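Here are some friendly notes to read with the model open beside you. They start at one loop and work inward from there.

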Amino acid sequence: MKKRSPYGATLAEAVRENLADAARRLNEAVRDLRGYEYAVINDHALFPFKYADRPRPLERARLASNASPTRRRMLLGHGPQPQEGLFPLDDDLTTEEYEELHATFEALGASTKLVCVFFTADPENGIHAIHWGDAHLEPDRTFTWLYSEQLPVAPQPLV
């Protein structure tokens with residue numbers, strides 16, 4: 001292909017499908033969320049996210065400005081709560097849009113927590129790095145990691 005853009009969308013769907021298939025083999029739940037299947041294991045939804053197309057530190061992961069409202073809502077509604085801020089945000093100070101973004105998806109289950117599976121990859125080299133953990137989405141679209149761990153990447157077989 002001449003354009004690289006289809007690679008990211010295709011890879012994201014393949015990762016979601018593989019995780020859903022693995023959950024089924026383990027007799028765990030798979031939940032449909034707006035046409036996309038997510039593996040839910042022990043009340044933890046696996047959220048795969050390719051954050052770069054070249055090797056890049058996890059601390060530099062950022063949600064794209066054109067990310068779907070569904071992704072934002074999953075991260076905010078099912079992800080870990082932010083650490084204590086400078087001051088508490090009272091309910092009467094929040095907007096309807098803020099409340100909607102922080103609402104949970106009933107399709108996943110209100111008590112379901114998000115486990116982020118972040119990775120970098122490109123078509124020529126495959127996956128560079130994979131990390132998993134608890135990531136809180138910040139207002140500037142960066143992430144604060146309450147916990148993260150890098151996973152080993154399997155070597156690519158020679159064809």
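1. A good place to begin is asparagine 42, which sits in the loop between β2 and β3. In this predicted model, local features need pLDDT of at least 70 and side-chain atom pairs count only at pLDDT 80 or more, while totals for chains, interfaces and linings use all residues. Residues are numbered from 1 along each chain as its sequence is written, and side-chain values use heavy atoms, with hydrogens and water left out. Helices (H or I, at least four residues) and strands (E, at least two) are DSSP runs, numbered from the N terminus.

2. Asparagine 42 has a phi near 50°, a positive value in a residue other than glycine. Most residues other than glycine have a negative phi. With 58% relative accessibility, asparagine 42 counts as exposed; here buried means under 20% relative accessible area, exposed over 50%, and partly exposed in between (1.4 Å probe, protein chains only). Arginine 141, in the loop between β5 and β6, also has a positive phi, near 75°. Its relative accessibility is 22%, so arginine 141 counts as partly exposed.

3. On confidence, pLDDT is the predictor's confidence in each residue, from 0 to 100. The protein averages 81, and 77% of the residues score at least 70. Among the elements, please read helix α3 (residues 96-102) with care: its mean pLDDT of 54 is the lowest, whereas β6 has the highest, 94.

4. Now the overall layout. The protein has three helices and six strands, and along the sequence they follow the pattern α-β-β-β-α-α-β-β-β. Of its 159 residues, 35% count as buried. Taking contacts (heavy atoms within 4.5 Å) with a separation of 6 or more, 61% are between residues 24 or more positions apart.

5. How are the six strands ordered in the sheet? The sheet is open, with the order β1-β2-β3-β4-β5-β6 and mixed pairing; two strands pair if DSSP finds at least two bridges between them. β1 (29-33) and β6 (143-151) each have a single partner strand, so these edge strands leave one side without a neighbour in the sheet. Neighbouring strands are turned by 35° against each other on average, direction ignored, with axes as lines fitted to C-alpha atoms (for helices over the stretch in contact) and angles running from 0 to 180 degrees between N-to-C directions.

6. Going strand by strand, β3 and β4 run parallel and are joined by eight bridges, with leucine 46 opposite valine 115 in β4. β4 and β5 run antiparallel through seven bridges and form a hairpin with three residues between them; phenylalanine 118 stands opposite histidine 131 in β5. Eight bridges also join β5 (residues 126-137) to β6, again antiparallel, and there tryptophan 132 faces glutamate 149 in β6.

7. The largest nonpolar core (buried Ala, Val, Leu, Ile, Met, Phe, Trp, Tyr and Cys residues joined through side-chain atoms within 4.5 Å) has 23 residues, and Phe47, Leu75, Cys116, Phe118 and Phe143 have the most contacts inside it. β2 (36-41), β3 (44-52), α2 (69-78), β4 (113-122), β5 and β6 each give two or more residues to this core. β3 gives the most, with five. A second, separate core of six residues includes Leu11, Val15, Phe119 and Ile130.

8. Phenylalanine 118 is worth a click. Leaving aside neighbours within four places in sequence, the residues in contact with phenylalanine 118 include Phe47, Phe49, Tyr51, Leu58, Phe143 and Trp145. Its strand, β4, is mostly covered, with nine of ten residues buried.

9. Isoleucine 130, in strand β5, has 17% relative accessibility and therefore counts as buried. Beyond four places in sequence, isoleucine 130 touches Val117, Phe118, Phe119, Glu149, Gln150, Leu151 and Val153. Isoleucine 130 and proline 48 are 82 residues apart in sequence and 9.7 Å apart in space, C-alpha to C-alpha.

10. Lastly, helix α2 is mostly covered, with eight of its ten residues buried, among them Arg71, Arg73, Met74 and Leu75. Is histidine 78, at 1% relative accessibility, buried or exposed? Histidine 78, which lies in helix α2, counts as buried because its relative accessibility is 1%. A polar atom of the histidine 78 side chain lies 2.8 Å from the backbone oxygen of threonine 112.

Notes
A polar contact is a pair of N or O atoms within 3.5 Å; within protein, one must be able to donate a hydrogen and the other to accept it, and residues adjacent in sequence count only if both atoms are side-chain atoms.
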